[in-house]
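Biologist: I would like to learn how to read a binding site together with the pocket that holds it. Could we go through one case step by step?

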Amino acid sequence: MSLTVAIDGPAAAGKGTIARAVAAHFGFAHLDTGLLYRAVGKRTLEGKDALEAAETLQPEHYADAEALRSPDVAQAASVVAAMPEIRTALVNFQRAFARRQGGAVLDGRDIGTVICPDAEVKLFVTASDAIRAERRHKELVGKGHQVTLEEVAHDLAERDRRDAARATAPMTAAEDALLLDTSALDIEAAVARAVEEVGKKVGM
Ligand code: CDP
């Protein structure tokens with residue numbers, strides 16, 4: 001059985017948490033596609049050419065997710081993510097993952113629109129700017145990053161603007177995506193809503 005759950009949305013809206021929980025609930029594989037762009041971005045910060053970094057990307061480059069979750073890597077990710085040739089270099093891997101046997105959950109910006117327009121379930125996860133900044137600030141400070149709430153809010157706004165404005169695969173909700181605003185939901189409630197939606201499709 002192949003079944004794809006596409007979860008998109010702006011930075012720090014809760015996509016990753018929801019995607020992981022949905023995958024665990026149904027026994028599906030999970031791919032955080034942001035890590036691919038973050039890994040390419042990190043390699044450019046280390047001096048590598050962006051296209052070469054994307055074309056030679058190996059699992060070991062995105063295995064250490066924590067090392068990729070810094071604010072400077074996030075910015076570098078959103079810069080390389082606006083380059084059409086970088087996105088093209090990463091398409092096949094994502095599509096193959098989406099159609100693997102046993103079900104797959106992918107989270108990102110363009111999964112329901114470009115990578116898997118035929119995904120059986122599509123969610124577009126949002127939350128207010130203030131809530132997203134607060135959540136990400138707490139997460140980064142908890143990991144020892146020295147950042148202010150204002151800096152985090154600025155980083156998210158800048159990335160969202162770049163991600164939504166780019167010509168290739170801009171961040172946008174697919175027409176058939178369910179909009180899930182997590183501003184007023186705690187993690188359990190947001191996950192329960194997503195699980196309910198996927199459950200309707202898989203009959204579980
Ligand atoms: O965790 P957060 O929501 O802050 O970001 P992420 O999902 O790790 O993605 C980092 C950056 O990669 C985004 O700001 C996008 O520029 C880019 N990205 C993308 O363009 N397409 C995707 N499918 C996933 C991420």
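Biologist: How do the residues of the lining of the largest pocket divide by class?

Modeller: Ala, Val, Leu, Ile, Met, Phe, Trp, Tyr, Cys and Pro count as nonpolar, Asp, Glu, Lys and Arg as charged, and the others, Gly among them, as polar. In this predicted model, the lining of the largest pocket divides into 11 nonpolar, 8 polar and 16 charged residues. Residues are numbered from 1 along each chain as its sequence is written, local features need pLDDT of at least 70, side-chain atom pairs count only at pLDDT 80 or more, and totals for chains, interfaces and linings use all residues. Side-chain values use heavy atoms, with hydrogens and water left out.

Biologist: Which residues lie nearest the centre of the largest pocket?

Modeller: A pocket, on a 1 Å grid over the protein atoms alone, is an open set of points where a 1.4 Å probe fits, with protein on both sides within 12 Å along at least five of seven lines, and lining residues have an atom within 4 Å of a point. Here Ala12, Gly14, Lys15, Gly16 and Arg136 lie nearest the centre, among 35 lining residues.

Biologist: Which polar side chains approach the ligand?

Modeller: A polar contact is a pair of N or O atoms within 3.5 Å. Side-chain N or O atoms of Arg109 and Arg166 lie 3.0 Å and 2.9 Å from ligand oxygen atoms, while a polar side-chain atom of Asp110 is 3.0 Å from a ligand nitrogen.

Note on methods
A polar contact is a pair of N or O atoms within 3.5 Å; within protein, one must be able to donate a hydrogen and the other to accept it, and residues adjacent in sequence count only if both atoms are side-chain atoms.
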